[in-house]
Amino acid sequence: MNKIYHLSTCNTCKKILEEIKAKERGIELQDIKTEKITPEQLDEMHALSGSYEALFSRRSQKYRPMGLHEKDLTEKDYRGLILEEYSFLKRPVGIAGDRIYIGAEVRNM
C-alpha cells in the first residue's frame with residue numbers, strides 16, 4: 001500500500017505532495033483533518049517507525065498552550081494526544097509497503 005497522511009491546509013504538505021507527484025503516481029491520500037486517523041492506522045505507523053514519539057509533532061500550535069513542553073510524556077501519552085488532536089501528527093506521513101517516511105522524508109518515497 002502506498003498512502004500519505006497529510007493536512008490539506010499545511011503548506012509544507014502541499015509542497016511535498018506536489019514535488020513527489022503523489023496524485024499522478026496514484027498514491028492514496030488521507031487528509032487527517034477531515035478523515036481522522038484510526039487507532040489501527042496509528043498503531044501501523046508505530047509498528048513501522050518504532051515509537052509514537054517519532055510521529056509526534058512538537059510544532060503543533062497546541063503543544064505549548066497545553067503545557068506539554070513542561071511534562072515528561074510517555075509513549076502512551078504521545079499515542080493518546082495524536083488520536084485526540086490531528087495536529088499532533090508530524091506530517092506528512094507516508095507508507096510504502098513496509099517502509100514509513102515521516103515529515104520531509106516523504107520526499108524520498
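Trainee: Buried means under 20% relative accessible area, exposed over 50% and partly exposed in between (1.4 Å probe, protein chains only). Which residues of helix α1 are buried?

Mentor: This is a predicted model, where local features need pLDDT of at least 70 and side-chain atom pairs 80 or more, while totals for chains, interfaces and linings use all residues. Residues are numbered from 1 along each chain as its sequence is written, and side-chain values use heavy atoms, without hydrogens and water. In helix α1, residues 11–19, the buried residues are Cys 13, Ile 16 and Leu 17. Helices (H or I, at least four residues) and strands (E, at least two) are DSSP runs, numbered from the N terminus.

Trainee: And which residues are exposed on the other side of α1?

Mentor: Asn 11 and Glu 18 are exposed there. Just after α1, Lys 21 has a positive phi of about 55 degrees.

Trainee: Turning to the cysteines, how many disulfides does the structure hold?

Mentor: It holds zero disulfides (cysteine sulfur pairs within 2.5 Å). Cys 10 is in none, and the nearest cysteine sulfur to it, that of Cys 13, is 3.4 Å away.

Trainee: Why is Cys 13 not bonded to Cys 10?

Mentor: The closest cysteine sulfur to that of Cys 13 belongs to Cys 10, and their distance of 3.4 Å is too far for a bond.

Trainee: Are these two cysteines buried or exposed?

Mentor: Cys 10 counts as buried because its relative accessibility is 13%. Cys 13 is also buried, with a relative accessible area of 0%.

Trainee: New topic: how many aromatic pairs are there?

Mentor: The structure holds three aromatic pairs. Rings of Phe, Tyr and Trp (its six-membered ring) pair if their centres lie within 6.5 Å; planes under 30 degrees apart are stacked, over 60 edge-to-face, the rest tilted. One of the pairs is Phe 56 with Tyr 78, which is tilted, at 4.9 Å centre to centre and 55 degrees between the planes.

Trainee: Which parts does that pair tie together?

Mentor: Phe 56 lies in the loop between α2 (39–49) and α3 (75–84), and Tyr 78 lies in helix α3, so the pair ties together parts 22 residues apart in sequence. Phe 56 counts as buried at 1% relative accessibility, and Tyr 78 counts as buried at 5%.

Trainee: What about Phe 56 and Phe 88?

Mentor: That pair is stacked, because the ring centres are 5.0 Å apart and the planes are at 15 degrees. The pair links distant parts of the chain, as Phe 88 sits in the loop between α3 and β3 (93–96), 32 residues from Phe 56. Phe 88 counts as buried, at 0% relative accessibility.

Trainee: Which residues form the aromatic cluster?

Mentor: Phe 56, Tyr 63, Tyr 78 and Phe 88 form one cluster.
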